[in-house]
Amino acid sequence: MATLLSNVQDVCLELGLPVPTVVATSTDPQVLQIMALMNRTGDILSTDRDWQTLAAEYRFETVYYQYTGDVTAGSTTISNLSSVVGLSTEFMATGTGIQQDSFLTSVGTTTAEMSIPSTETATGITITFGQAKYDMPSDYARMVDKTQYNKSNRWSIIGPKDAQEWQWLKASYVTTGPRMRFRMMGDKFTLWPMPTATLVLGFEYVSNGWVIDANGTYKSKFTADTDTSRFTDRVLTLGTKLKLFEIKGFDTSAVLQDYTRELDKWKASESGADTLSLAPRYPNILLTQNNLPDTGYGNTTS
């Protein structure tokens with residue numbers, strides 16, 4: 001992939017404009033405009049589809065703690081906690097007298113406040129704190145549906161749930177089962193029920209890092225002349241020319257045709273495609289009429 005400097009130089013050469021020797025630190029308004037339009041082109045492309053070049057996987061472990069403490073009926077305070085290490089408002093609590101869907105709202109030195117008051121008074125009880133909300137990767141743009149799995153139990157995580165079903169799940173008499181549910185809330189991957197064990201969860205997502213700097217770090221826009229793009233240079237430069245023509249009020253017919261043709265070619269080849277048959281024949285890997293006997297099924301002596 002060509003650098004930002006090289007791509008901007010190509011745009012200028014093709015349009016008969018003065019060719020810059022620097023771009024990101026240039027003081028020339030026209031050069032800075034071309035750089036801005038190239039950034040806009042890349043940004044729009046990154047949301048056009050789930051490009052394989054931007055595909056990424058995320059894995060993380062659930063977190064839980066078990067501490068002892070006291071609760072009082074009608075109070076939201078958990079007192080005399082044996083420890084508060086690791087606790088935050090991303091955690092829920094469960095234990096004697098603690099109602100379901102009780103999130104921590106604040107954490108002190110030996111106390112924690114809950115979102116719902118306790119229904120009982122108890123001292124020295126074991127309380128389980130499970131982290132229900134998890135940050136997304138720093139380059140997260142959007143989720144790839146139906147890729148969320150509990151790797152430890154080899155089960156899919158059901159979701160994303162909408163607001164109505166989410167609240168129904170948390171308020172119902174039967175609120176838990178063998179499978180976890182999830183919902184995106186406040187840009188966090190939120191689980192129900194809260195984890196009470198260390199589990200490995202994971203999913204695929206689309207990265208917003210369509211630019212790579214000289215150190216190999218992904219980022220979401222060009223900021224240095226040595227930056228390169230994860231998108232093909234032809235599409236990026238043609239898209240920039242199209243944006244420039246649009247802003248200047250020029251006829252975009254020819255440039256639009258070139259850009260659309262290159263974009264369509266790239267879409268068709270970027271991730272490959274399966275070969276489909278109009279008359280498929282299914283492989284005989286399971287029981288079918290081709291390997292099931294007419295009589296004596298299950299007889300191992302003949």
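**Sheets, cis bonds and unusual backbone turns**

Q: In what order do the 6 strands of the open sheet stand?
A: Strands here are DSSP runs of E with at least two residues, helices are runs of H or I with at least four residues, and both are numbered from the N terminus. Two strands count as paired if DSSP finds at least two bridges between them. With antiparallel pairing, the 6 strands of this open sheet follow the order 4-7-2-3-6-5.

Q: What kind of model is this, and at what pLDDT do side-chain atom pairs count?
A: Residues are numbered from 1 along each chain as its sequence is written, and side-chain values use heavy atoms, with hydrogens and water left out. This is a predicted model: totals for chains, interfaces and linings use all residues, local features need pLDDT of at least 70, and side-chain atom pairs count only at pLDDT 80 or more.

Q: Which strands stand at the edges of the sheet 4-7-2-3-6-5?
A: An edge strand has a single partner strand here, so one of its sides is left without a neighbour in the sheet. The twist from one strand to the next averages 40°, where axes are lines fitted to C-alpha atoms (for helices over the stretch in contact) and angles run from 0 to 180 degrees between N-to-C directions. The edge positions belong to strand 4 (91–94) and strand 5 (104–107).

Q: Which residue in strand 7 is the bridge partner of Tyr67?
A: Strand 2 (residues 64–71) and strand 7 (residues 122–131) run antiparallel and are joined by 7 bridges. Within strand 7, Tyr67 has as its bridge partner Ile127.

Q: Which strands form the edges of the open sheet 8-13-12?
A: This sheet has 3 strands with antiparallel pairing. Two of them have a single partner strand each, so one side of each has no neighbour in the sheet: strand 8 (133–135) and strand 12 (181–185).

Q: By how many degrees are neighbouring strands of the 8-13-12 sheet turned against each other on average?
A: The sheet is open. With direction ignored, its neighbouring strands are turned against each other on average by 30°.

Q: Which residue in strand 13 stands opposite Asp135?
A: Strand 8 and strand 13 (residues 188–192) run antiparallel, with 3 bridges joining them. Opposite Asp135, in strand 13, stands Lys188.

Q: What angle does the direction of helix 3 make with that of strand 12?
A: Helix 3 (residues 163–171) packs on the sheet and touches strand 12 and strand 13, contact being heavy atoms within 4.5 Å. The direction of helix 3 makes with that of strand 12 an angle of about 125°.

Q: What is omega for the peptide bond that joins Gly159 and Pro160?
A: Pro160 lies in the loop between strand 11 (155–156) and helix 3. The bond between Gly159 and Pro160 is cis, and its omega is about 5°.

Q: What is omega for the peptide bond from Trp192 to Pro193?
A: Most peptide bonds are trans. Pro193 sits in the loop between strand 13 and strand 14 (200–207). The bond from Trp192 to Pro193 is cis, with omega near -5°.

Q: Is Asn80 buried or exposed?
A: Asn80 is in the loop between strand 3 (77–79) and strand 4. Although not a glycine, Asn80 has a positive phi of about 55°. Buried means under 20% relative accessible area, exposed over 50% and partly exposed in between (1.4 Å probe, protein chains only). Because its relative accessibility is 52%, Asn80 counts as exposed.

Q: What is the phi of Lys146?
A: Lys146 belongs to the loop between strand 9 (140–143) and strand 10 (149–150). Lys146 is exposed, with a relative accessible area of 67%. Most residues other than glycine have a negative phi. Lys146 is not a glycine, yet has a positive phi of about 60°.
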